[in-house]
Each structure stands twice: as structure tokens, then as C-alpha cells.
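Good morning, everyone, and thank you for making time for this short talk. Please take a moment with the sequence and the picture before I begin.

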Amino acid sequence: MPLKVNGNATGFRAHLFTLRRGVLPVRVFTLYCKACKTTYRSNYSVTQAEANTSIRQYYRDIPTAIEASEYCYVDRSLLPLIRAQMAFAHASGKTVARIYNRGISNMPERVPLTSEHVWNAFYIHALMLDVQRRQVPLQFPHHGPQAERFRDVMAARNIRMAGTGQPQWAHTCDECERIVRPADPSQPAIRINACVMDGVTIGHPRCNVDRCVARLASPRDRFCEEHSDQERQCAIRGCNNATTDGMRTCSIAAHRSFENERRERGKALFRLRRRHERTMQAGQRYGDAVSKKPRQNPRKARAETLSNLTKKAAISRRWTHNEELIVRTCGVVISRATFYEAESMSNCVRFLVSTFPPQLPRAHPSFCFFDSACLLLKHILANNETRLDNIGLVVDVFHAINKHKDSDAFCQLNCNPATFPELFNEKNEWWYNSSACEQTNGWFGFFLPVVREMGEVNYNFFLDEMILIHNEWQVDVLRARGTRPRLVPMSDLALPR
């Protein structure tokens with residue numbers, strides 16, 4: 001029940017989730033200006049709140065408590081713990097809420113912190129940090145569900161983060177850049193730096209139509225809005241018949257049999273029956289070896305019927321292929337991209353060009369390690385691509401030893417790291433850690449169960465924020481090592497090499 005105070009302010013009861021004192025009952029006051037019809041709340045103000053187009057204008061400074069829902073607030077001191085748990089323990093919002101309720105809260109049964117509260121507080125706080133860095137106001141629509149209210153703002157930040165958007169994109173330090181001074185003091189010093197590119201298999205739900213990158217209305221959908229009419233067509237590609245009986249295939253026996261088979265595969269009974277069949281087949285093979293009689297495979301007919309349909313089906317949802325990272329050899333992640341179809345060489349070229357744009361020539365690394373650098377170089381040469389001419393493409397040391405054949409003359413002549421004297425010292429020790437991306441992927445890949453069911457906007461926002469948190473920690477580690485981490489001014493990056 002609202003409480004009137006002098007007729008100018010109203011207050012209501014809420015709960016504050018804190019780090020050191022558990023859950024606290026609080027009273028939240030709002031102020032209203034009759035002249036301008038503006039309501040002032042603890043996090044934001046709203047003018048003409050009753051209008052459908054009203055906007056929440058957040059205050060410039062981050063408040064002491066983030067409004068996760070109308071009656072639940074998260075103390076600002078708790079947010080660093082939530083962010084750290086997500087970034088380094090790969091905890092989901094549900095896991096973070098459980099940890100808080102069991103380990104910190106003094107009222108876990110009465111007033112629990114929920115997954116929705118955690119995610120709302122995380123997203124709003126991250127957006128507040130983002131606008132602080134850019135010194136712009138933060139605005140949301142006032143009406144609508146809390147989870148959808150700031151989706152457009154998140155999508156706009158996702159676009160800014162692509163390519164050169166990470167705060168540490170212009171990072172350099174003594175572990176990823178080496179300054180070589182020539183014998184002639186009149187000549188300028190030469191900067192030699194390196195990065196590593198590699199992919200990791202995680203992704204978000206996408207449209208089932210090949211090469212379609214349109215956003216899904218819901219992560220549970222199989223098709224985007226443009227291709228939504230295909231929901232009513234048979235899921236076997238090339239078949240234009242309508243679906244029947246509430247299934248995703250038409251009435252053709254082979255198509256319906258394939259769908260039933262796919263549905264059964266996820267059930268425990270199906271798996272147990274297959275184990276039984278394999279055991280029976282093994283026993284039959286033993287009997288055949290003794291009696292030398294021809295053996296019959298009970299699954300052969302079904303396999304022959306369905307084998308040609310597997311690659312043509314769109315029965316289930318489809319996920320993007322992988323995430324590609326570019327990492328400085330010191331471990332700082334400078335860019336990320338989602339590859340929808342495959343880790344193709346054309347996608348890699350586009351990713352490199354967006355991360356190292358031609359108008360910033362000094363941003364280009366001297367060397368880029370990539371496990372398929374020889375294939376990438378062949379693609380660049382075949383397509384007369386000149387925007388990456390200043391970057392030496394080298395196979396990383398591990399893959400050069402274990403994955404690339406001695407008989408591959410092109411690779412050995414052009415991409416073997418041992419042929420580049422800038423990469424090792426007089427003691428034959430490598431200057432740069434060419435496995436930095438593989439090591440980073442070991443951390444990044446554990447986000448798969450957290451992001452697998454996220455929509456595209458939340459997926460990209462979350463992963464970009466995790467990289468940002470990781471980079472902040474990595475820079476602190478580098479600073480403690482004495483490697484002088486720093487950001488190169490944009491004016492210097494625009495100079496010719």
C-alpha cells in the first residue's frame with residue numbers, strides 16, 4: 001500500500017539484496033513534480049508516465065541499488081560478485097541466485113533472490129557501465145516487461161562491440177609487442193606485435209534456412225519471421241507438402257518415419273532398446289563365427305530408408321556454427337564474431353578486416369597466428385584481397401608441428417613459424433605465445449551451457465560482457481607482471497605503418 005508523505009512523495013515497501021547483510025526490508029520513495037509531470041524514482045525519472053511512449057531516463061551516476069524489479073533491488077556492492085561468478089565460474093543466473101540464497105541470504109525461504117532478478121540487475125548494471133564509458137544517457141521504454149524493456153539498447157551495444165568495439169581493442173603490452181631498435185640510430189624503431197585467431201564451438205539458435213542471419217522472435221523457434229511460412233511445410237527439405245497430424249512432416253511414410261525416429265532418439269527407452277539390439281547383434285556375431293552362417297542386420301532396412309533424409313531435414317532447431325576470437329598473445333581478447341555456417345576462409349577474412357580496418361593501418365598486427373593460415377593465405381591470394389597485406393599469416397606452433405604435413409610445400413614455405421626470424425630470439429625461444437587463443441578458448445567454451453538457449457541479443461551481449469570482464473582481469477595480471485599494459489591512442493593507429 002503506497003504511503004503518502006506530505007502529499008509530495010509516496011513510498012512503498014521493497015527488499016534489498018545486499019552482500020554483507022543479506023536481505024533487508026527497505027522503503028522506496030518516489031517524488032512527483034506536478035509542473036513537468038515527472039516522476040523521480042531511485043534509478044531513473046519518467047515524464048508523463050501514463051503515456052505509452054514514455055521513456056525512463058536513468059541518472060548519470062550508478063545508484064547504490066539497482067532496481068531488478070518493482071519491489072526488489074540489488075545492492076551495488078553485490079554486482080561485482082555476480083559478474084565474477086558469471087565470468088570465472090561460468091555460473092548462470094539461476095546458479096548465482098542459488099549461491100546467494102544458500103550462502104549469503106538471511107531469509108532464503110521467505111524472500112529468495114530469483115534468476116530473473118539476477119539477470120535484470122546484471123544487464124542494467126552492464127548498460128550503466130557502458131554509458132558511463134561513452135558519457136551518454138541511458139534510456140529505456142517505461143512500459144512493457146522488464147526483460148524486453150532494454151533489449152533494443154542491448155542490440156545497439158552489440159553492434160558497437162563488433163569488430164573494434166571492445167574497450168581493450170587497442171591494447172598492447174610487452175608480452176604482445178616487441179620494439180626493435182635498428183643499429184642506425186637515425187632510423188625509427190620497429191614495432192613487432194602478434195595476435196592469434198581461433199574458433200570455439202558454441203552458438204545460439206538460428207533460422208533453419210541456409211545463410212539466413214535474421215533474428216528469431218524466440219530461441220524456441222525454428223524459423224525467423226521472414227521464413228515463418230516454412231513452419232507449415234514438411235521439415236524434409238525439398239518437400240513442399242503441408243504438415244499433417246500436428247507433426248513437422250507430411251504424410252509420406254518415409255518422412256513421417258524419419259521424424260518419429262528423431263523424436264524417439266532423445267528418450268531413455270529408445271537408448272535402452274538400442275543397447276539391447278547391439279548386445280543381441282554381438283551375440284549373433286559370435287554365433288555366426290561358430291556356425292559360419294550369414295548374419296542379418298535387423299536395423300539395415302530402417303537405416304537404408306532414412307539415411308538419405310538426415311542431411312535434408314529441419315526437424316529440430318539449428319544453432320550457429322562457432323564463435324571466432326582474436327586474442328593478443330598476452331591473453332587479452334580484442335574481438336569476437338559469430339560464424340553462422342562454418343569457419344570458412346571467407347568468413348575469416350571478413351572478421352580480420354572488421355577487426356583491423358584499412359583506415360587504421362597501425363592497428364594491424366605484424367603477425368596473426370591461425371591453425372589454417374595456409375588455407376587462409378591461399379584464399380586471399382586467389383581473391384586478390386589486399387586489405388590484409390600488412391599482416392603475416394602464420395600457423396601456430398602446435399598445429400604447425402602436429403597438424404600440417406611436411407609434404408605441404410605451400411604451408412612450409414609461407415606459413416611455417418620457423419621461417420620468420422622476428423618470432424624467435426637468438427636462443428631459439430619464441431617471442432610470442434601462439435597458443436594464447438587455444439588457452440582462452442578453454443575458458444570461453446565453458447559458457448556453452450549458459451548461452452545455448454539464449455536469444456541472439458542476450459547471447460551477444462552476455463559474451464561481450466564476459467570478454468570485457470576477462471580483459472579487465474587479464475590487464476591487472478599483466479600489470480602485476482610489469483609488462484606495462486596500455487591502450488594505443490586512436491590518432492597513432494591512423495598513421496601509416
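I will go from the whole chain down to a few single residues.

Let me start with where the values come from: this is a predicted model, in which local features need a pLDDT of at least 70 and side-chain atom pairs count only at pLDDT 80 or more, while totals for chains, interfaces and linings use all residues. Residues are numbered from 1 along each chain as its sequence is written, and side-chain values use heavy atoms, with hydrogens and water left out.

The term pLDDT stands for the predictor's confidence in each residue, on a scale from 0 to 100. The protein chain has an average pLDDT of 88, and 91% of the residues score at least 70. Over residues 1-7, however, the pLDDT is below 50, and this stretch has nine contacts in the model beyond near neighbours in sequence, where a contact means heavy atoms within 4.5 Å. Where pLDDT is low, the predicted coordinates should not be read in detail.

Now to the chain as a whole. Its C-alpha trace spans about 95 × 80 × 45 Å along the principal axes, and the chain holds 16 helices and 19 strands; these are DSSP runs numbered from the N terminus, with helices being H or I of at least four residues and strands being E of at least two. Of the 497 residues, 45% count as buried, and here buried means under 20% relative accessible area, exposed means over 50%, and partly exposed lies in between, with a 1.4 Å probe and protein chains only. If we take the contacts between residues at least 6 apart in sequence, 62% of them join residues at least 24 apart.

The domain assignment divides the chain into domain 1 (7-148), domain 2 (171-204 + 320-494) and domain 3 (222-261 + 303-318), and such bounds come from an automatic or database domain assignment. The C-alpha centres of domain 2 and domain 3 lie 41 Å apart.

How many of the 11 residues of helix 9 are buried? Eight of them are, so helix 9, which covers residues 345-355, is largely enclosed by the rest of the structure. The buried residues are M345, N347, C348, V349, F351, L352, V353 and T355, and they pack against strand 12 (190-200), strand 15 (322-328), strand 16 (333-339), strand 17 (367-370) and helix 10 (373-382).

Strand 15 also gives us a single residue to look at, namely V327. V327 has a relative accessibility of 0% and therefore counts as buried. Leaving aside residues up to four places away in sequence, V327 touches C195, V196, V332, V333, A436, C437 and T440. The C-alpha atoms of V327 and A84 are separated by 21 Å, with their positions 243 residues apart along the chain.

A second buried residue is E67, at 5% relative accessibility, and E67 sits in strand 7, residues 65-69. Among the residues that E67 touches, again not counting those up to four places away in sequence, are R41, Y44, R56, Y73, I124 and Q146. E67 and L16 are 51 residues apart along the chain, and their C-alpha atoms are separated by 9.2 Å.

Let us turn to the loops. P108 lies in the loop between helix 2 (93-103) and helix 3 (115-134), and P108 is partly exposed, with a relative accessible area of 28%. From P108 to G22 is 86 residues in sequence and 9.2 Å in space, C-alpha to C-alpha. D229, in the loop between strand 13 (205-206) and helix 6 (253-265), is partly exposed as well, at 37%. D229 and V488 are 259 residues apart in sequence and 50 Å apart in space, C-alpha to C-alpha.

Finally, a word on backbone angles. Most residues other than glycine have a negative phi. Q48 has a positive phi of about 50 degrees although it is not a glycine, and Q48 is found in the loop between strand 5 (44-47) and strand 6 (55-58), where it is partly exposed at 38% relative accessibility. N384 likewise is not a glycine and has a positive phi, of about 55 degrees. N384 is placed in the loop between helix 10 and strand 18 (392-394), and with a relative accessible area of 65% it counts as exposed.
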